[in-house]
Amino acid sequence: MATTHDAATSTNPLGDELRGGRTAKPCALVIFGATGDLTKRKLVPSLMGLAKDGLLPSGFAVTGFARRDWSDQKFRAELAEGVAQFGRSDTEAAFAAMADAFTFHQSDFGDAAGYESLKQKLAQIDRQHGTAGNRLFYLATPPSAYSTILERLAAHGLSREENGRFARIIVEKPFGRDLATAVALNDQVRQGFHERQVFRIDHYLGKETVQNILALRFANGIFEPLWNEKFVDHVQITVAESIGVGSRGGYFEESGIIRDMIQNHLMQVLTLVAMEPPATLSADGVRDEKVKVLKAIRSFAPADVDRCTVRAQYTRGSFGGEDVKGYREEEGVPANSTTETFAAARLHVENWRWAGTPFYLRSGKRLPRRVTEVAIQFKQPPHLLFQGGRPLQPNVLLLRIQPDEGVALRFGAKVPGPDVRIRDVRMDFRYGAAFGGETADAYERLLLDAMLGDGTLFARRDEVEEAWRIVDSIVAGWQQSKHRPAEYVAGTWGPDAADKLLSGGRQWRKP
Amino acid sequence: MSEAPALCRTPPRAVPLPQIPDALRAIWRTCGGDERSADGADVARSLAINFVGTAAAADEPMLRAAVERLQGRTPCRAFLLLVDDRAAQIGAEVSATTRLHGGTHDIVLEEITVRLPSAGFERLPGLVRPLLVNDLPNHLFWATAWPRQAHHFDDLAALCEHTVVDTRLFAAPALELGHLRARRDRGARVTDLNWLRLRPWRRALAEAYERLPAAGGARTEVRLLHGRAALAATMLLGEWLEARLGARVVLDGGGTGTGPCPDRVVLRTADAEIDLQAPDAQIVAHVSTAAHCFLPFQVPASRGTDGDLLAAAIDLG
Ligand SMILES: NC(=O)c1ccc[n+]([C@@H]2O[C@H](COP(=O)([O-])OP(=O)(O)OC[C@H]3O[C@@H](n4cnc5c(N)ncnc54)[C@H](OP(=O)(O)O)[C@@H]3O)[C@@H](O)[C@H]2O)c1
């Protein structure tokens with residue numbers, strides 16, 4: 001490093017051209033697991049989306065770390081193919097223009113010599129590409145490899161930040177498979193990296209529409225006064241997938257929908273919906289408030305789990321005109337599996353704002369549509385003037401996260417004519433209509449934020465662990481339960497038991 | 001990634017000026033009426049801004065291309081005001097563009113094209129004002145030279161919260177950049193496409209500075225080589241470098257380039273040199289310091305078409 005100019009410490013008199021436009025500082029990205037699917041499908045196409053939009057620093061280079069005997073040329077050819085297949089329009093040209101900045105580093109994760117040679121390679125990249133000693137490591141590997149890589153990075157001094165240079169690490173989910181493993185992983189991460197150096201990716205947080213939950217709540221004066229137990233009857237959060245487990249049966253068996261979706265994506269969305277306004281939009285300002293929401297959700301006692309949650313598996317059915325297998329008939333799934341492909345839960349955020357307002361979460365595979373939405377259902381007016389005092393449909397504010405991203409409000413309007421009859425109508429705002437143009441993939445935003453050192457859209461250690469605490473208590477209840485998971489026919493909205501979670505005339509939406 | 005949505009434009013219809021509002025309503029019906037379109041899809045109107053664009057008639061294709069691009073990002077009611085001294089009187093036509101999106105036809109562009117002789121300019125504010133859609137931000141795009149009568153600019157600008165100009169089209173930038181500065185000083189919000197066009201150059205300079213040791217008050221000399229069409233942009237870049245770096249800037253008009261940006265920027269301090277040139281679509285930057293010579297790096301020289309720049313300017317405004 002001796003000959004590398006220490007650019008990171010200089011103050012750039014033109015720097016606001018870069019920072020103002022959210023251009024990151026020069027850096028080298030090292031992708032562990034660079035021959036894998038994630039790198040080809042998501043990471044490099046997203047980097048090229050950033051390049052196309054002029055958001056990558058010119059001092060930028062990527063080193064792929066994996067075991068296969070690939071040359072730089074082979075690595076670049078694979079990535080070019082990935083960009084052509086999965087990238088946004090015109091990203092192929094962006095890759096062609098900077099392909100030389102991608103190099104391959106062959107080594108086993110466990111091989112100490114591989115890290116020593118990586119260090120030398122990075123120093124050379126600094127000299128050639130002006131990456132200024134800044135490092136971003138991406139763990140795009142099976143979770144079983146995390147521990148070895150973390151340990152080696154620390155042992156070879158690659159996690160150290162000195163002289164204003166940064167060393168950051170991006171960790172892919174899953175962050176553990178329960179609280180104990182998450183704590184162990186986080187402890188290990190901490191041996192080499194400070195929390196501010198760690199970026200735990202939950203790609204849901206990179207979605208524009210998830211970020212818009214904060215904008216909708218805190219940039220508008222009309223919603224926040226209603227956003228509490230006085231006016232909100234309940235909240236439903238749905239993440240539905242129409243596909244089954246397909247060839248990932250073996251992987252899914254290990255996790256189930258509660259670990260795969262609820263512990264991360266649904267809990268993250270829940271915190272954004274329920275949190276208090278942060279004092280600032282700084283990373284810790286936002287995450288402090290999010291974690292308070294999780295802390296306000298009590299762990300379930302085993303006896304309550306059957307009453308407050310539902311788990312189920314899909315059975316053979318007909319989907320889109322085709323017969324589809326049941327979960328226990330899928331490849332890699334044992335016939336006596338009890339892994340849930342659907343889960344629903346009733347949670348209470350026990351704080352001043354939400355006391356008594358249930359939050360219903362559900363997620364499943366082989367549901368009728370792929371949809372993610374948050375529905376805020378309001379209470380009925382205190383006195384029913386219309387329709388002979390019969391209750392009307394309640395008002396619903398719908399935040400649609402995918403597809404057809406947007407916001408809709410359901411309310412009653414008078415049907416034209418001499419009688420006073422009320423009908424439900426919908427006021428609909430769709431992002432695609434109001435803001436045209438191509439939207440960037442969630443990974444683009446998250447990669448850029450990690451380069452900028454902005455952790456707002458990443459899960460902090462305490463968030464991850466609090467979410468596991470809640471999920472662990474549900475899983476423990478299921479393990480002790482005498483009941484097998486319920487069943488639902490593929491292509492339906494889940495088992496009948498899920499309806500029983502909702503009381504007082506409430507119903508699940510069929511989005 | 002999302003597929004490009006299908007666009008459909010109604011044929012332009014000539015209308016007498018007083019009937020423009022009725023003609024716009026009729027277009028609604030052509031697109032499918034208040035509720036449903038002919039093919040049964042819902043119809044919605046998703047306008048986000050009023051856009052007032054003025055250009056010489058000869059530049060109509062440029063203005064139309066810019067509006068087309070803008071509509072993809074910001075649905076709008078667009079007034080295209082085309083000055084044509086061959087036109088005997090003021091004439092107008094209207095049309096609309098819909099986008100099929102998730103089973104709904106969105107009206108994303110309502111175009112009102114007005115052709116007028118220069119003498120008709122005085123009537124434009126009175127024509128446009130009542131046709132602006134309520135409660136939407138209004139943006140003016142002055143896509144032509146600085147006018148002989150400054151009040152033509154000021155009267156249209158007064159209708160709008162934000163004005164976009166393109167100083168590349170100014171005939172005497174040394175004088176006319178000052179007119180703009182005066183309006184900014186009085187609080188007008190003005191964005192210059194030429195300044196946005198320079199963004200890759202500013203960015204390349206900033207990136208090059210990332211590689212330099214702390215400047216520490218070192219004397220900085222800059223030479224900007226430019227062709228004729230790049231005078232305004234080069235002046236803007238020079239002013240910026242003077243203000244930011246306290247640099248001594250020399251403009252050299254001997255360049256052969258025909259584009260709107262400089263041909264070359266050479267910046268020297270006591271112990272470093274930055275040399276930027278854009279032989280083709282890339283700005284190539286050579287950076288060397290007393291201790292080190294870096295590999296050249298590249299930055300795309302263009303941030304897209306004028307339409308892309310306009311859409312970015314509207315976002316900024
Ligand atoms: N794929 C996705 O779309 C996706 C989405 C979200 C999250 N994720 C998460 O991202 C991570 C990576 O997923 P993936 O699908 O890309 O995995 P993958 O296709 O299985 O790739 C694994 C990578 O790790 C490398 N590797 C494994 N053991 C190694 C060792 N001992 N030494 C050196 N290299 C080794 C492999 O290199 P060789 O092939 O050279 O052996 C390969 O590059 C996982 O944690 C996954 O849960 C993936």
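1. Terms and model. Strands are DSSP runs of E with at least two residues, helices are runs of H or I with at least four, and both are numbered from the N terminus. The model is predicted. The points below go from the chain A backbone to the cavities, and then to the contacts with chain B.

2. The cis proline between two strands. A:Pro403 sits in the loop that joins S14 and S15 of chain A. The peptide bond leading into this proline, from A:Gln402, is cis. Its omega is near -15 degrees. Strands S14 (396–402) and S15 (406–414) come up again in point 6, as suppliers of a cavity lining.

3. Another cis proline. The bond from A:Lys173 to A:Pro174 is also cis, with omega near 5 degrees. Here the proline falls in a loop between a strand and a helix of chain A: S5 (167–172) on one side, H7 (179–192) on the other. Please look at both cis bonds in the model.

4. A positive phi. A:Asp90 is not a glycine, yet its phi is positive, at about 65 degrees. Where is A:Asp90 placed? It is in the chain A loop between helix H3 (72–86) and helix H4 (91–98). Helix H3 returns in point 9, with a salt bridge inside it.

5. The largest cavity. Four cavities of 30 Å³ or more are counted. The largest has a volume of about 70 Å³. Two helices of chain A, H9 (249–274) and H14 (461–480), each give two or more residues to its lining. H9(A) has the largest share, with four residues. Among the lining residues are A:Phe175, A:Asp202, A:Gln263, A:Met267, A:Leu294 and A:Glu463. Which classes make up this lining? Six residues are nonpolar, three are polar and two are charged.

6. The second largest cavity. This one holds about 50 Å³ of space. Its lining takes at least two residues each from helix H8 (208–218), strand S14 and strand S15 of chain A. H8(A) gives the most, four residues. The lining includes A:Thr209, A:Asn212, A:Leu399, A:Arg400, A:Gly406 and A:Tyr431. By class there are six nonpolar residues, three polar and one charged. Strands S14 and S15 thus frame the loop of A:Pro403 and also help to line this cavity.

7. Extent of the A–B interface. The size of an interface is often given as the accessible area lost when the parts come together. Between chain A and chain B, that buried area is about 3000 Å². Carbon and sulfur atoms give 49% of it. Which residues of chain A lose the most area to chain B? They are A:Leu14, A:Glu17 and A:Ser58, which together make up 22% of what the chain A side buries. In residue terms, 39 from chain A are in contact with 29 from chain B.

8. Polar links across the interface. Three salt bridges cross between chain A and chain B. In one salt bridge between these chains, the side chain of A:Asp16 meets that of B:Arg244, at 2.9 Å from N to O. The polar contacts between the chains come to twelve residue pairs, with both residues at pLDDT 80 or more. On the chain A side, helices H1 (16–19), H5 (112–129) and H12 (431–434) each supply at least two of the residues that touch chain B. That side divides into twelve nonpolar, 17 polar and ten charged residues.

9. Salt bridges overall. How many salt bridges does the whole structure have? Over all chains, the search finds 60. One chain A example pairs the side chains of A:Lys74 and A:Glu78, again at 2.9 Å, N to O. Both residues lie in helix H3 of chain A. They are four residues apart, which is about one turn of the helix.

Key. Residues numbered from 1 in each chain as written. Chains lettered and ligands numbered in written order. Heavy atoms only, no water. 1 Å grid on protein atoms, 1.4 Å probe; cavity = no way out; pocket = protein on both sides within 12 Å on 5 of 7 lines; lining within 4 Å. Points joined across faces, edges and corners; volume = space filled by probe spheres on them. Nonpolar A, V, L, I, M, F, W, Y, C, P; charged D, E, K, R; others polar. Contact = heavy atoms within 4.5 Å. Buried area = accessible area lost by both parts, 1.4 Å probe. Salt bridge = Lys/Arg side-chain N within 4 Å of Asp/Glu carboxyl O. Polar contact = N/O pair within 3.5 Å; in protein donor to acceptor, adjacent residues only side chain to side chain.
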